[in-house]
Amino acid sequence: MNAPLQTSDSSSAEPLNLLIAAPRGFCAGVDRAIEIVEKALERYGAPVYVRHEIVHNKYVVEGLKAKGAIFVKELDEVPTDAPVVFSAHGVPKAVPAEAERRNMVYVDATCPLVSKVHRQAERQIEKGRHIIFVGHAGHPEVIGTMGQVDQGQMTLVETVEDVAKLDFATEEPLAFLTQTTLSVDDTAEVIAALKARFPHIRGPKAEDICYATSNRQAAVKELAEDCDLLLVVGAPNSSNSLRLVEVAERLGTPGKLIQRATEIDPAWLEGVTTIGLTAGASAPEILVREVVDALAKLRPIRERTIKTTEERMVFKLPRQLTE
Ligand code: SF4
């Protein structure tokens, strides 16, 4: 376990350069999902049930619980007369179908960029192609996307080695799709391997990795080489946060994933002159500021934002919450 963060007189300590990545933190899909739960609480009153963590962040989940949201794993834990929200990661088709069968009020907070992949999957199946899906086994988004098609119509691959093990004839009609929160570089390698093995494979015109995931990775690439250490605020089950740590480490900069400032071990700062800071797409800015304040208690900091792009993406709320 890490040593608890000590409050000390930082004024005499060596200054610490702090490079903060921008963009970082909440994406448009996470903003929308949280607002959907809040609006559903206003419209239907508490409790509102939420199937799965609405986004992968404990602070956000606890905040919504305090307002009256109840988080469950499966739909059968929700009383039929209570409203339920489906998480930003998306759900298999069987879930809304079951909610309809039970005449339940449900609101789908699936990120529109995940829904786009769901529609692409349907189209590829209509065209008679088997889908190779690039993603991480067990992630809710992967379960949701694989659940858009019948069993046996989609095969999951995680790595280039998995591609080598695929047992399809070269001429078989195939298409590939990807999870939205993958490593841009790893995915490019897996897609290149797929194209090399199956030259006729079809894929989306632009990759399915979302703008928020690629922008946050690009921002880390911009500052990682100038840092001795990168801190990523995010949850251990947040795919895009884990990828940010990997991006830094691939550039030779050690990365640490932390959920809260209290997890910072002061020993990490020994010999560190410049530290980088970013946050995954489900981590709120308040937790980033908490980290900045904690660092400032350990060393005098010189804070600088390294901005690689401006994000203006906003997604509309479902009509049932705005009419
Ligand atoms: Fe949507 Fe990307 Fe955010 Fe996931 S990380 S909710 S796909 S915008």
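In the predicted model, the residues around the ligand are C27, G29, C111, L113, V114, T180, T181, C210, Y211 and A281. By class, this shell divides into seven nonpolar and three polar residues, with no charged residue. The space that the ligand takes is the largest cavity, and the structure holds one cavity of 30 Å³ or more.

The volume of the largest cavity is about 290 Å³, and its lining is made up of 23 residues, among which C27, V30, H89, T181 and N240 lie nearest the centre. Two or more residues of this lining are given by each of the helices α1 (28-44), α4 (112-126), α8 (211-224) and α9 (239-250), with α8 giving the most, at three residues. In its composition, the lining of the largest cavity has 11 nonpolar and 11 polar residues together with one charged residue. C27 and T181, which are listed around the ligand, are also among the lining residues that lie nearest the centre of the largest cavity.

Apart from the cavity, the largest nonpolar core was examined. This core comprises 32 residues, of which V37, I54, L64 and V85 touch the most other members. The elements that give two or more residues to the core are the helices α1, α2 (58-67), α4 and α8 and the strands β2 (48-51) and β3 (69-72), and the most is given by α1, with eight residues. The helices α1, α4 and α8 thus appear among the elements giving two or more residues to the core and among those giving two or more to the lining of the largest cavity.

Definitions and conventions. Residues numbered from 1 in each chain as written. Predicted model: local features only at pLDDT ≥ 70, side-chain atom pairs only at ≥ 80, totals over all residues. Heavy atoms only, no water. 1 Å grid on protein atoms, 1.4 Å probe; cavity = no way out; pocket = protein on both sides within 12 Å on 5 of 7 lines; lining within 4 Å. Points joined across faces, edges and corners; volume = space filled by probe spheres on them. Helix = DSSP H or I, 4+ residues; strand = E, 2+ residues; numbered from the N terminus. Nonpolar A, V, L, I, M, F, W, Y, C, P; charged D, E, K, R; others polar. Near = heavy atom within 4 Å. Sits in = over half its atoms within 2 Å of the grid points. Core = buried A, V, L, I, M, F, W, Y, C linked by side-chain atoms within 4.5 Å. Buried < 20%, exposed > 50% of the residue type's maximum accessible area, 1.4 Å probe, protein only.
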